[in-house]
Amino acid sequence: MATFDCYGTLIDWEGGVGAFLYELARRHEPDPPPARELRERWEALQFERIQGDWRCYREILADSLAAWAGERGYRFNEHDGEALARSMESWQPFPDTVPALQAARDAGLRLWILSNTDRAIMDHSLRHLEVDFDGITVAEDCRAYKPSTVPFERALREIGLPPEQVLHVAFGFKYDIGPAQRLGLSTAWVNRKQEAAPGPEQADHVWKDLWPLAEVAG
């Protein structure tokens with residue numbers, strides 16, 4: 001069995017967020033900073049909020065976006081928060097995602113998504129992924145966000161396998177690798193940009209894409 005973070009691992013989270021924020025910034029200034037810089041600051045604000053008291057993901061998106069806009073001196077429109085959620089519903093898989101997942105499934109690997117989102121957003125993303133998953137656990141189900149171990153614990157109960165029989169595959173190092181390892185799952189860090197690990201944990205596997213999945217299944 002393999003479990004997957006979805007956004008950033010299967011779907012291009014950084015490209016989607018960056019494009020959204022850059023377009024929003026252009027409404028307020030003619031020459032905004034690079035999308036990467038905008039995205040990194042917003043993501044830090046979002047990460048702070050998911051570690052606080054439980055709120056639904058749409059509230060997290062709206063509140064973190066309002067804080068980001070405020071820091072930049074932009075006048076925040078409350079509809080922009082919902083626009084970010086709707087944008088997320090349209091973000092696309094990486095080119096290797098669907099064929100690699102299908103190859104792994106054909107080789108006998110069971111697939112499960114474990115995501116910091118809600119069912120409404122995930123329903124749209126599943127249409128883009130076009131792969132049959134054995135199950136899905138989202139933060140909305142357990143009222144907790146990774147890096148809490150609560151979503152992992154719920155997914156393991158739903159999967160019905162001991163942790164040592166599950167490989168967790170993720171791009172979000174600080175969200176996923178540490179908590180998965182603390183519960184005894186093996187881990188694969190999808191390091192598409194070949195960056196240095198941002199934390200002390202050592203993933204069991206480091207991949208530049210998802211193609212090694214079929215080898216794991218074999």
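Start by selecting Glu130, which lies in the loop between helix H6 (119-129) and strand E3 (135-138). You are looking at a predicted model, so keep in mind that every value on this tour is computed from it. Glu130 is not a glycine, yet its phi is positive, at about 55°. Most residues other than glycine have a negative phi, and most peptide bonds are trans.

That second point brings us to the next stop. Select Lys146 and Pro147: the peptide bond joining them is cis, with an omega of about 20°. To place Pro147 in the chain, look at the loop between helix H7 (139-142) and helix H8 (150-159).

**The helix pairs**

Now colour helix H3 (residues 57-71), and add helix H1 (13-26) to the view. The axes of H1 and H3 come within 13 Å and cross at roughly 45°. H1 and H3 are therefore oblique to each other, and their crossing is right-handed. Which residues make the contact? Show the side chains of Trp13, Phe20, Leu21, Leu24 and Ala25 on H1, then those of Tyr57, Leu65 and Trp68 on H3. By class, this contact of H1 with H3 has eight nonpolar residues, with no polar and no charged ones.

Keep H3 on screen and bring in helix H2 (35-50). Here the axes of H2 and H3 are 9 Å apart, and the two helices pack at an angle of about 130°. An oblique arrangement is therefore what you see for H2 and H3, and H2 passes H3 in a right-handed crossing. On the H2 side, select Leu38, Arg41, Trp42, Leu45, Gln46, Arg49 and Ile50. On the H3 side, the contact is made by Tyr57, Ile60, Leu61, Asp63, Ser64, Leu65, Ala67, Trp68 and Glu71. Colour the contact of H2 with H3 by class and you will find ten nonpolar, two polar and four charged residues.

Next, swap H2 for helix H4 (residues 79-88). H3 and H4 have axes 8 Å apart and pack at an angle of about 120°. H3 and H4 are therefore oblique to each other, and the crossing is right-handed. To see where they meet, pick Tyr57, Arg58, Leu61, Ala62 and Leu65 in H3. Across from them in H4, pick Asp80, Gly81, Glu82, Leu84, Ala85 and Met88. The contact of H3 with H4 divides into seven nonpolar, one polar and three charged residues.

**The largest pocket**

For the last stop, switch on a surface and look for the largest pocket, which has a volume of about 650 Å³. Where should you centre the view? Of the 32 residues that line this pocket, the closest to its centre are Trp13, Glu14, Phe171, Gly172 and Tyr175. You have already met Trp13, in the contact of H1 with H3.

Which elements give two or more residues to the lining? They are helix H1 (13-26), helix H2 (35-50), helix H9 (173-182) and strand E5 (186-190). H2 provides the largest share of the lining, five residues. Finish by colouring the lining by class: it has twelve nonpolar, seven polar and 13 charged residues.

Conventions:
Residues numbered from 1 in each chain as written. Predicted model: local features only at pLDDT ≥ 70, side-chain atom pairs only at ≥ 80, totals over all residues. Heavy atoms only, no water. 1 Å grid on protein atoms, 1.4 Å probe; cavity = no way out; pocket = protein on both sides within 12 Å on 5 of 7 lines; lining within 4 Å. Points joined across faces, edges and corners; volume = space filled by probe spheres on them. Helix = DSSP H or I, 4+ residues; strand = E, 2+ residues; numbered from the N terminus. Nonpolar A, V, L, I, M, F, W, Y, C, P; charged D, E, K, R; others polar. Axes fitted to C-alpha atoms, helices over the stretch in contact; angles between N-to-C directions. Parallel < 35°, antiparallel > 145°, perpendicular 65-115°, else oblique. Left-handed = near helix turned anticlockwise from the far one by under 90°. Contact = heavy atoms within 4.5 Å.
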